[in-house]
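Biologist: Could you take a close look at one loop for me and then work outward from it? I'd like the residue details, the ring geometry and the cysteines in one connected answer.

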Amino acid sequence: SPFTARGVFAGMKACVHQVYGTNSVQNKKVLVQGVGHVGQYLVDHLIEDGAEVLISDIFEDKIKIITDKHKVKVVDPNRIFEENFDIYAPCALGATLNDESIGQLKCSIVAGAANNQLKDEQVHAEELKDKGILYAPDFLINAGGIMNIDEEKDGYNESAAVKSVDGIYDRTIEVIENAMAEGINTHESAMALAKKRIEKAKANHSA
């Protein structure tokens, strides 16, 4: 969970750099939807960096863990999209980005840890692009936990794991820049770059 949250935060900062020209979320309003293990660590990063944090969860005990530790605004799960915020961080259920919610979204960036955030990957990634909302593909920025586990193959090195996870920032920038250059949405860009890397790895392995 700590490494997943760290990667999500790195990807989020890459998006903030693209949209606002800064690497900090200071004074940005961020709504974290779902404050389980990953969401809790993400809130820690956001608060430490000076963000104004809003949280939402269906479980009161999870909310209490956050409110006992940080000054945040608690939002009714049924009224999330009535709020104004700069960044939406879905960290619980999938498919929260759909025809209904995207129409209501009032933010510049979507960057969270939940899997399968887009109800329909092709349709809703394009809808976000058309609305001018920068979407950080979930499978790109929530990979930190898996990357940390991967470091255990040849003997675990925490500093190497941290460096690897922090590299999600650069990969997110690459995805965004490729999307802009190709005139495609960020989901398509991430998929295209992933396929290129897989093909390259296969070629190297067979050589």
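Modeller: Alanine 95 lies in the loop that runs between strand E4 (87-90) and helix H4 (99-104). This is a predicted model, so read every value here as computed from predicted coordinates. The backbone at alanine 95 does something to look at: phi is positive, about 60 degrees, although the residue is not a glycine. As for accessibility, alanine 95 counts as partly exposed, at 29%.

Let's see what packs against this part of the chain. Glutamine 33 belongs to strand E1 (residues 29-33). Leaving aside its neighbours within four places in sequence, glutamine 33 is in contact with Ala89, Pro90, Cys91, Ala92, Leu93 and Thr96, among others. That list also includes Ser56, Ile80 and Tyr88. Glutamine 33 is buried, with a relative accessible area of 11%.

Two names from that contact list deserve a stop of their own. Take Tyr88 to begin with. Tyrosine 88 is buried, at a relative accessible area of 0%. The structure holds 2 aromatic pairs. In one of them, phenylalanine 81 and tyrosine 88 meet edge-to-face, with 5.6 Å centre to centre and 70 degrees between the planes. The rings of phenylalanine 85 and tyrosine 88 have their centres 6.2 Å apart with planes at 40 degrees, so that pair is tilted. Why tilted rather than edge-to-face? Because 40 degrees falls between the cut-offs: under 30 would be stacked and over 60 would be edge-to-face. Phe81, Phe85 and Tyr88 together form one aromatic cluster. The phenylalanines are buried too: phenylalanine 81 is at 17% relative accessibility, and phenylalanine 85 is at 4%.

Now Cys91. Cysteine 91 is buried, with a relative accessible area of 13%. Why does cysteine 91 have no disulfide partner? The closest cysteine sulfur to the one in cysteine 91 is in cysteine 15, and at 13 Å that is too far for a bond. Cysteine 107 tells a similar story: the closest cysteine sulfur is again in cysteine 15, 11 Å away, which is too far for a bond. Cysteine 107 counts as buried, at 11% relative accessibility. With a cut-off of 2.5 Å between sulfurs, the count comes to 0 disulfides.

Back to backbone angles for a moment. Asparagine 27 also has a positive phi in a residue other than glycine, near 70 degrees. Asparagine 27 sits in the loop between H1 and E1, so this one leads into the strand that holds glutamine 33. Which accessibility class does asparagine 27 fall into? At 62% relative accessibility, asparagine 27 counts as exposed. A bit further along, lysine 28 has its charged end over the ring of tyrosine 20, 4.4 Å from the ring centre.

That takes us to H1 itself. The axes of helix H1 (residues 2-20) and helix H8 (residues 158-166) come within 8 Å and cross at roughly 35 degrees. On the H1 side, the contact is made by Phe3, Arg6, Gly7 and Ala10. They meet Glu158, Ala161, Val162, Val165 and Asp166 in H8. The residues of this contact divide into 5 nonpolar, 1 polar and 3 charged.

On the other side of E4 in sequence, there's aspartate 76, in the loop between strand E3 (73-74) and E4. Aspartate 76 counts as partly exposed, at 39% relative accessibility. For a sense of scale, aspartate 76 and lysine 129 are 53 residues apart in sequence and 27 Å apart in space, C-alpha to C-alpha.

One more distance, from another part of the chain. Alanine 192 is found in helix H10 (residues 186-206) and counts as partly exposed, at 31% relative accessibility. Its C-alpha is separated by 9.7 Å from that of alanine 179, 13 residues away along the chain.

So, back where we started: alanine 95 is partly exposed, while glutamine 33, whose contacts include Leu93 and Thr96, is buried.

Conventions
Residues numbered from 1 in each chain as written. Predicted model: local features only at pLDDT ≥ 70, side-chain atom pairs only at ≥ 80, totals over all residues. Heavy atoms only, no water. Buried < 20%, exposed > 50% of the residue type's maximum accessible area, 1.4 Å probe, protein only. Phe/Tyr/Trp six-rings, centres within 6.5 Å; stacked < 30°, edge-to-face > 60°. Lys NZ or Arg CZ within 6 Å of the ring centre and 35° of its normal. Axes fitted to C-alpha atoms, helices over the stretch in contact; angles between N-to-C directions. Helix = DSSP H or I, 4+ residues; strand = E, 2+ residues; numbered from the N terminus. Contact = heavy atoms within 4.5 Å. Nonpolar A, V, L, I, M, F, W, Y, C, P; charged D, E, K, R; others polar.
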